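Open your viewer and keep the selection box handy. We will walk from one selection to the next, with a short stop at each.

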Amino acid sequence: MAKTKHAKRSSASSTPYERPSGGSNNSNSKSGGGAVKNNVFKFNTNVGQHILKNPGVSDAIVEKAYLKPTDTVLEVGPGTGNLTIRILATAKKCICVELDPRMAAEVTKRVQGTPEQKKLEVLLGDVIKTDLPAFDVCISNTPYQISSPLVFKLLAMPNPPRVSVLMFQREFALRLTARPGEALYCRLSVNAQFWAKITHIMKVGKNNFRPPPQVESSVVRIEPKTGRDRPNVSWDEWDGLLRVCFVRKNKTLRASWLGTKEVLHMVERNYRTWCAMNGVAVDDSLADDNDNDDGDDDMDGADAAEEWGGMDVDDEEQDTPDFFKEASAAAPKTKSKRKKTKVAELVREKIRKVLEDVTELADKRAGKCDENDFLRLLFAFNEEGIHFS
């Protein structure tokens with residue numbers, strides 16, 4: 001009797017798909033004489049591809065968005081379309097922004113030949129770098145790597161969505177809702193709660209995804225403030241102030257503002273710009289005392305470079321790479337070669353006046369301040385001609 005020919009197995013696949021194992025532990029492996037007909041993606045977890053497989057969770061996410069039949073919905077990272085088909089069943093239109101061409105093709109194919117096909121628009125690219133069309137609601141099983149940039153992009157929009165229902169890593173969701181004095185309270189917390197109402201909807205376990213992530217997740221509802229409730233404050237000014245305050249949230253505001261040369265130089269540049277725009281003369285002559293450098297230097301050069309090189313919300317000391325800490329410990333401090341001018345002295349005195357005399361917040365830490373404290377700071381700095389945009 002002739003032997004049955006078996007296809008050779010290869011450990012490496014030449015396609016973006018792979019077949020599930022046909023072993024005895026797979027309950028679906030015996031259909032059709034042992035041949036498995038359904039291909040599945042090799043998900044790229046490096047870009048956050050963890051597909052939500054629990055239909056109950058998908059239904060709850062869309063339900064909490066309270067969609068109207070006239071709504072246009074933005075979905076970030078639709079994946080294989082488990083949320084998309086539920087959105088299309090209720091909304092007027094769904095705009096999906098997808099980074100992976102395979103996933104974009106999959107979600108398009110899923111509605112092909114159905115009435116929902118005309119309601120779906122797929123944009124291929126990075127949502128953070130994409131100019132988004134107008135939309136009413138945002139729904140997303142968010143790739144965790146872009147959680148912070150996505151929230152800031154949505155909040156900073158001139159016409160933000162009416163509501164956003166977003167899946168995040170559990171710790172990030174807790175940062176969104178953290179209050180002053182709590183361990184996770186940060187620049188993200190202040191910004192999100194200043195511009196929007198944040199509600200924690202539900203927890204989602206890692207086993208609700210394929211493949212399971214290494215962390216637990218949560219769904220939050222973000223409702224931007226509108227009309228009279230929306231703060232009449234420049235986003236750039238507000239966020240610029242918070243960036244300085246939260247450089248080291250557990251240090252005093254005096255240390256954050258007066259103890260770092262980079263901050264003093266930045267404020268001086270901004271003050272010079274404001275003076276030039278308002279016809280105010282500045283005194284560029286050298287100060288009487290040029291023996292010392294520009295600040296008390298709460299941070300040395302390596303540490304400051306790390307702080308100002310990137311402006312994520314997680315500006316925490318424990319996030320500093322080890323090689324930065326080693327370089328910081330090994331490198332001796334050197335005096336600044338920059339000569340101190342009278343305008344630099346004036347700016348330093350203005351900062352001291354705001355912190356100590358006007359707001360009396362010099363000895364308070366950013367992690368303990370609420371939005372009223374930051375509003376007082378911003379108003380006082382603006383009164384002294386110091387701006388952050």
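Start by selecting Ser 164 and Ile 222: Ile 222, in strand 11, is the bridge partner of Ser 164. Keep in mind as you look around that this is a predicted model. Now add Leu 166 and Val 220, since Val 220 is the residue of strand 11 that bridges to Leu 166. Widen the selection to strand 8 (residues 163-169) and strand 11, and you have two antiparallel strands joined by six bridges.

**The other side of the pairing**

Which residue of strand 11 is the bridge partner of Thr 199? Select Arg 221 and you have found it. Extending to strand 9 (residues 196-204) shows its antiparallel pairing with strand 11, this time over eight bridges. While strand 11 (residues 217-224) is highlighted, look at its surroundings: seven of its eight residues are buried, leaving the strand mostly covered. As a viewing hint, side chains in a regular strand alternate between the two faces of the sheet.

**Zoom out to the sheet**

Next, show the whole sheet as a cartoon. Seven strands form an open sheet with mixed pairing, in the order 6-5-4-7-8-11-9. Its edges are strand 6 (120-124) and strand 9, each of which pairs on one side only. On average, neighbouring strands in this sheet are turned by 20° against each other, ignoring direction.

**Helices on the sheet**

Select helix 4 (residues 147-156), which packs on the sheet and touches strand 4 (72-76), strand 7 (137-141), strand 8, strand 9 and strand 11. The direction of helix 4 makes about 165° with that of strand 8. Is helix 4 largely enclosed or open? Seven of its 10 residues are buried, so helix 4 is largely enclosed by the rest of the structure. To see the buried residues, show Ser 147, Ser 148, Leu 150, Val 151, Phe 152, Leu 154 and Leu 155 as sticks.

Then move to helix 3 (residues 101-110), lying across strand 5 (93-98) and strand 6. Helix 3 runs at about 175° to strand 6.

**A pair of helices**

Now select helix 5 (residues 170-177) together with helix 6 (residues 187-195). Their axes are 7 Å apart, and the two helices pack at an angle of about 60°. Helix 5 and helix 6 are therefore oblique to each other. For the contact itself, show Phe 172, Arg 175, Leu 176 and Thr 177 from helix 5, which meet Leu 188, Ser 189, Ala 192 and Gln 193 of helix 6. Sorted by class, this contact has four nonpolar, three polar and one charged residues.

**A look at the cysteines**

How many disulfides does the structure hold? The count is zero. Select Cys 245 and Cys 369 to check one candidate: the sulfur of Cys 245 has its closest cysteine sulfur in Cys 369, 7.1 Å away, which is too far for a bond. Cys 245 is buried, at a relative accessible area of 0%. Cys 275 is worth selecting too; it is also buried, with a relative accessible area of 1%.

**Last stop: the full view**

Finally, clear the selections and show everything. The protein has 13 helices and 11 strands. Of its 389 residues, 45% are buried. Taking contacts between residues at least 6 apart in sequence, 71% join residues at least 24 apart.

Conventions. Residues are numbered from 1 along each chain as its sequence is written. This is a predicted model: local features need pLDDT of at least 70, side-chain atom pairs count only at pLDDT 80 or more; totals for chains, interfaces and linings use all residues. Side-chain values use heavy atoms; hydrogens and water are left out. A disulfide is a pair of cysteine sulfur atoms within 2.5 Å. Buried means under 20% relative accessible area, exposed over 50%, partly exposed in between (1.4 Å probe, protein chains only). Helices (H or I, at least four residues) and strands (E, at least two) are DSSP runs, numbered from the N terminus. Two strands pair if DSSP finds at least two bridges between them. Axes are lines fitted to C-alpha atoms, for helices over the stretch in contact, and angles run from 0 to 180 degrees between N-to-C directions. Angles under 35 degrees count as roughly parallel, over 145 as roughly antiparallel, 65 to 115 as roughly perpendicular and the rest as oblique. Contact means heavy atoms within 4.5 Å. Ala, Val, Leu, Ile, Met, Phe, Trp, Tyr, Cys and Pro count as nonpolar, Asp, Glu, Lys and Arg as charged, and the others, Gly among them, as polar.
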